[in-house]
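Q: I have a model open and would like to go through it step by step. Could we begin with a term I keep meeting?

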Amino acid sequence: MAVNSLWAATAQAAPPLAPLAGERQCDVAIIGAGYTGLSAAWHIAQSGREPLLLEANELGFGASGRNGGVVSPKFRVGFSAAMARHGREAALHLYHTGHAAVDGLAQLIDELGLDQAALHLGGHIAAAHTPRALAGLQATADWVKRETGSASVRLIDAEQVRELTGATLFHGGLLTPHAGGLHPLNFTRGLAWRLHQRGVGIYVGSPALAVREEGGRFSVQTPGGHVSARQVIYATNGYSDQTPVTASLHRRLIPFRSAIIATEPLAPALLASLMPGGQVCGDTKRMLRWFRVVGDRLIFGGRGAFGQQDSAQAFDTLQRSMVQVFPQLASVAIGFRWSGLVAMTLDYLPHAGELAPNQYYAVGYNGGGVAMSTWMGAQLAAMSAGEPVQLGLLAGKGFNPIPLHGLRAPGVRLAAGWQQLLDAVGR
Ligand SMILES: Cc1cc2nc3c(=O)[nH]c(=O)nc-3n(C[C@H](O)[C@H](O)[C@H](O)COP(=O)(O)OP(=O)(O)OC[C@H]3O[C@@H](n4cnc5c(N)ncnc54)[C@H](O)[C@@H]3O)c2cc1C
């Protein structure tokens, strides 16, 4: 099923890919061809081993083909909160991991010549929706300066936020220069092209239905064939409920629907009033709203309890939020509406590890995985080669199935409703 997104309407062609038919052998069978799986495949191929990718749907069906393309080194967990809970070393490791992920993404795009991914690191603004949120951003800026000695973030006042974004309702913000945006589907397709040109097998329409261990190898069954592999990587993130092979990962995750709208092309004067500083922006609400200019349109996204499917009501809510931030867009038509699933975790951090000997996973990006999932792919490649990896708080230890996971739908609605209420009352 194709996603009717701005990205799909503006993307380069995908490489010619077909479902798996018959038997194949490889070193590492990778289940899921989003950024995690594609990046793992690239790094595995670079190390001289043979990867093979199985994708249940079309290429880019998951979050990697639908996301907002915001590239940021931040996690949903604040660094000072991480330090209070886990100590200074762990918090610093988290900070450096976030920056390494953005560096790694930029380096990979450069190395592979993925110009159409249109990566632009023009900066990210976290815009404070309340004075209290601004105090939180100030604390982050102080933490970064004090603990890392770096000038990687800078607090800006309400007037500067207005100048850079064109929005007047924010109380100030935090500017992260080493961040920005890309074309998410072109990044997916670009990675797939490079793998395809290298002869790596990528099979679409090929859900892994069963994984069996036989005589020291794994047999991965799909509707049209099977793959025999020494190792298996699970890279299914928010889409881990598609077949039983990833049921144990699915039970560790809380999928949330996240939606995006893109305006119709805007008149030059109107366009010039939006995000004139060239950054991308997200606010500080618990139910995050974010926006960026792409070409001659504004795209605006938000997370919420949007249910199993797209809903007209949810898109209307998003449009009202957009007009609240940019009143000048009140009579502008929306050209594209789409949504996808992000995978939340109980500690708001992604995790990677070994599910069982020779079976690895990386999931749980909490809606912020463009750079991080690409970085995790490289870690999975190293892990499967037996090389040491330093995951710190992102290691799989303690990342267990969520009790009463079957009740998550009402739970997600309740949690989302509570968070929206806290946002509404400015807490
Ligand atoms: C609407 C939206 C907006 C977002 N915006 C941003 C953003 O602006 N910035 C940011 O950093 N992050 C954002 N994210 C999050 C980011 O897109 C994800 O963290 C990232 O793409 C995860 O990549 P992945 O490869 O792990 O998973 P995915 O890209 O979801 O890929 C998983 C794939 O596994 C496949 N699959 C599942 N089961 C099987 C099976 N049994 N066999 C074979 N294949 C299977 C699925 O079909 C899917 O294609 C957003 C996500 C969404 C949904």
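A: Certainly. Buried means under 20% relative accessible area, exposed means over 50%, and partly exposed lies in between. Please keep in mind that this is a predicted model.

Q: Then what does Gln116 count as, with 44% relative accessibility?
A: Gln116 counts as partly exposed, because 44% falls between the two cut-offs of 20% and 50%.

Q: Where does Gln116 lie?
A: Gln116 is part of the loop between H5 and E4.

Q: And which residues is Gln116 in contact with, leaving aside neighbours within four places in sequence?
A: On that basis, Gln116 is in contact with Gln12, His183 and Asn186. In the case of His183, the two residues are 67 apart in sequence, and their C-alpha atoms are 7.4 Å apart in space.

Q: What is there to say about the phi of Ala118?
A: Ala118 has a positive phi of about 50°, although it is not a glycine. Most residues other than glycine have a negative phi. Ala118 is found in the loop between helix H5 (88–111) and strand E4 (124–127). With a relative accessible area of 43%, Ala118 is partly exposed.

Q: What about Tyr348: where is it, and what is its phi?
A: Tyr348 is not a glycine, yet it has a positive phi of about 60°. Its place is in the loop between E16 and strand E17 (351–356). Tyr348 counts as partly exposed, at 33% relative accessibility.

Q: Changing topic: which residues come nearest to the ligand?
A: There are 38 residues around the ligand, and Thr36, Glu55, Ser64, Val70 and Val370 come nearest.

Q: How do the residues of that shell divide into nonpolar, polar and charged?
A: The shell around the ligand has 17 nonpolar residues, 20 polar residues and one charged residue.

Q: Which helices and strands each supply at least two residues of the shell?
A: Those elements are helix H2 (35–46), helix H3 (63–66), strand E12 (254–263), strand E16 (334–344) and helix H12 (370–384). The largest share, three residues, comes from E16.

Q: What lies at 2.9 Å or 3.0 Å from the ligand's oxygen and nitrogen atoms?
A: An oxygen atom of the ligand is 2.9 Å from an N or O atom in the side chain of Asn57. For Val370, a backbone N or O atom lies 2.9 Å from an oxygen atom of the ligand. A polar backbone atom of Gly68 is 3.0 Å from a nitrogen atom of the ligand. The protein covers 98% of the 1000 Å² of accessible area that the ligand has on its own.

Q: You mentioned H12. How many of its residues are buried?
A: In H12, 14 of the 15 residues are buried, and the helix is mostly covered. Its end C-alpha atoms are 22 Å apart, which agrees with the 21 Å that 15 residues should span at 1.5 Å a residue. H12 is followed by Gly386, which has a positive phi near 80°.

Q: Is Ser384, in helix H12, buried or exposed?
A: Ser384 counts as buried because its relative accessibility is 6%, and the cut-off for buried is under 20%. The side chain of Ser384 reaches the backbone oxygen of Ala381 at 2.9 Å. Leaving aside neighbours within four places in sequence, Ser384 is in contact with Ile44, Arg49, Gln231 and Tyr360.

Q: And why is helix H8 called largely enclosed?
A: H8 is largely enclosed by the rest of the structure because 10 of its 14 residues are buried. Among them are Pro184, Phe187, Arg189 and Leu195. Helix H8 (residues 184–197) reaches 20 Å from its first C-alpha to its last, close to the 20 Å expected at 1.5 Å a residue. The helix is followed by Gly199, whose phi is positive, near 90°.

Q: One last residue: where is Thr263, and what does it touch?
A: Thr263 is in strand E12. Thr263 is buried, with a relative accessible area of 0%. Not counting residues up to four places away in sequence, Thr263 touches Arg297, Leu298, Met322, Val332, Ala333, Ile334 and Gly335. Asp310 is 47 residues from Thr263 along the chain, and their C-alpha atoms are separated by 18 Å.

Notes
Residues are numbered from 1 along each chain as its sequence is written. This is a predicted model: local features need pLDDT of at least 70, side-chain atom pairs count only at pLDDT 80 or more; totals for chains, interfaces and linings use all residues. Side-chain values use heavy atoms; hydrogens and water are left out. A residue is near a molecule or strand if one of its heavy atoms lies within 4 Å of it. A polar contact is a pair of N or O atoms within 3.5 Å; within protein, one must be able to donate a hydrogen and the other to accept it, and residues adjacent in sequence count only if both atoms are side-chain atoms. Accessible areas come from the Shrake-Rupley method with a 1.4 Å probe; for residues, only the protein chains shown count as cover. Helices (H or I, at least four residues) and strands (E, at least two) are DSSP runs, numbered from the N terminus. Ala, Val, Leu, Ile, Met, Phe, Trp, Tyr, Cys and Pro count as nonpolar, Asp, Glu, Lys and Arg as charged, and the others, Gly among them, as polar. Buried means under 20% relative accessible area, exposed over 50%, partly exposed in between (1.4 Å probe, protein chains only). Contact means heavy atoms within 4.5 Å. The expected span of a helix is 1.5 Å times one less than its number of residues.
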